[in-house]
Amino acid sequence: MKLPGMKETPLKVPYTEPNITGLLMNRITYLLDNVPADRRLVVVCVGTDRSTGDSLGPLVGTSLSKYRSPFFDLYGTLEEPVHAMNLDETLIDINKFVRKPFVIGIDACLGQAASVGCIQVGSGPVRPGAGVNKDLPPVGDIHITGIVNVGGFMEYFVLQNTRLHLVMRMSDIIAHSLFLSIMKCVRPTSIPAATQD
């Protein structure tokens, strides 16, 4: 029995869950299914490689860049991160150069001890910098976040001392699930014609 409104609440699942990819794909696909065909998918991975905990976004972006997919635009990789210093400019560029963007915001966040290692997917934007009391613009029509460490005390120090293994595992899962979800939602009319050599 499906509970009313269940899909509207954010999904929060530990990265160690056996069927993590399937669960994430199910929710992401649900959120992307009703995106009009004339809107362009844009993935914005927020964070910096100068902080282990905050490198989740750029790691996801770097993984996604390997697919070289024509079905979405990508901002934020280890090579060219989107962070506090260039976030405003990046969002302006997206709205200037992408026609009707539908933005998927990806970022690391801090949370309660019991939630560390959880990946969250939901409607609405991610709020970069909220965990370290920075006032940055919200990002995304939908969001995917990874809770990388405990919040509430010495946040910068906590982000710097987050285990890289955790961040790498979570970034792999997010990138793989998101890419498969986008491929599942691609409409036949938007698939580029095969070219002949």
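How are H2 and H5 oriented to each other? I started from this question, working on a predicted model.

**Entry: H2 and H5**

I looked up the two helices; H2 covers residues 56–65 and H5 covers residues 164–185. I find an angle of about 45 degrees between them, and their axes are 8 Å apart. Angles from 35 to 65 degrees fall outside the parallel and perpendicular classes, so I note H2 and H5 as oblique to each other. I also note the handedness of the H2 and H5 crossing, which is right-handed.

**Entry: Ser65**

I then went to Ser65, which lies in helix H2. Is Ser65 buried, partly exposed or exposed? Its relative accessibility is 30%, and because the buried class ends at 20% and the exposed class begins over 50%, I put Ser65 down as partly exposed. I also checked the separation of Ser65 and Gly76: they are 11 residues apart along the chain, with 9.5 Å between their C-alpha atoms.

**Entry: Arg68**

I moved on to the loop between H2 and strand S3 (73–75), where Arg68 lies. Its phi is positive, about 45 degrees, although Arg68 is not a glycine. I read a relative accessible area of 70% for Arg68, so I list this residue as exposed.

**Entry: Lys100**

I looked up Lys100 for its backbone as well. Lys100 is not a glycine, yet I find a positive phi of about 50 degrees. I place Lys100 in the loop between helix H3 (87–97) and strand S4 (101–111). With 40% relative accessibility, Lys100 counts as partly exposed.

**Entry: Ile28 and Leu180**

I turned to helix H1 (residues 20–33), which holds Ile28. Is Ile28 buried or exposed? I get 2% relative accessibility, and since the limit for buried is under 20%, Ile28 counts as buried. I then checked Ile28 against Leu180: the two are 152 residues apart in sequence, and their C-alpha atoms are 9.5 Å apart in space.

**Entry: surface patch**

Which residues form a nonpolar patch on the surface? I find Phe153, Met154 and Phe157, with about 370 Å² of accessible area together. I took Phe153 further and place it in the loop between strand S6 (142–150) and helix H4 (155–160). The relative accessible area of Phe153 is 60%, so I enter Phe153 as exposed.

Note on methods: Residues numbered from 1 in each chain as written. Predicted model: local features only at pLDDT ≥ 70, side-chain atom pairs only at ≥ 80, totals over all residues. Heavy atoms only, no water. Patch = residues over 30% accessible without salt bridge, like charges linked within 9 Å, V, L, I, M, F, W, Y side chains within 5 Å. Areas by Shrake-Rupley, 256 points an atom, 1.4 Å probe, with all protein chains shown as cover. Salt bridge = Lys/Arg side-chain N within 4 Å of Asp/Glu carboxyl O. Helix = DSSP H or I, 4+ residues; strand = E, 2+ residues; numbered from the N terminus. Buried < 20%, exposed > 50% of the residue type's maximum accessible area, 1.4 Å probe, protein only. Axes fitted to C-alpha atoms, helices over the stretch in contact; angles between N-to-C directions. Parallel < 35°, antiparallel > 145°, perpendicular 65-115°, else oblique. Left-handed = near helix turned anticlockwise from the far one by under 90°.
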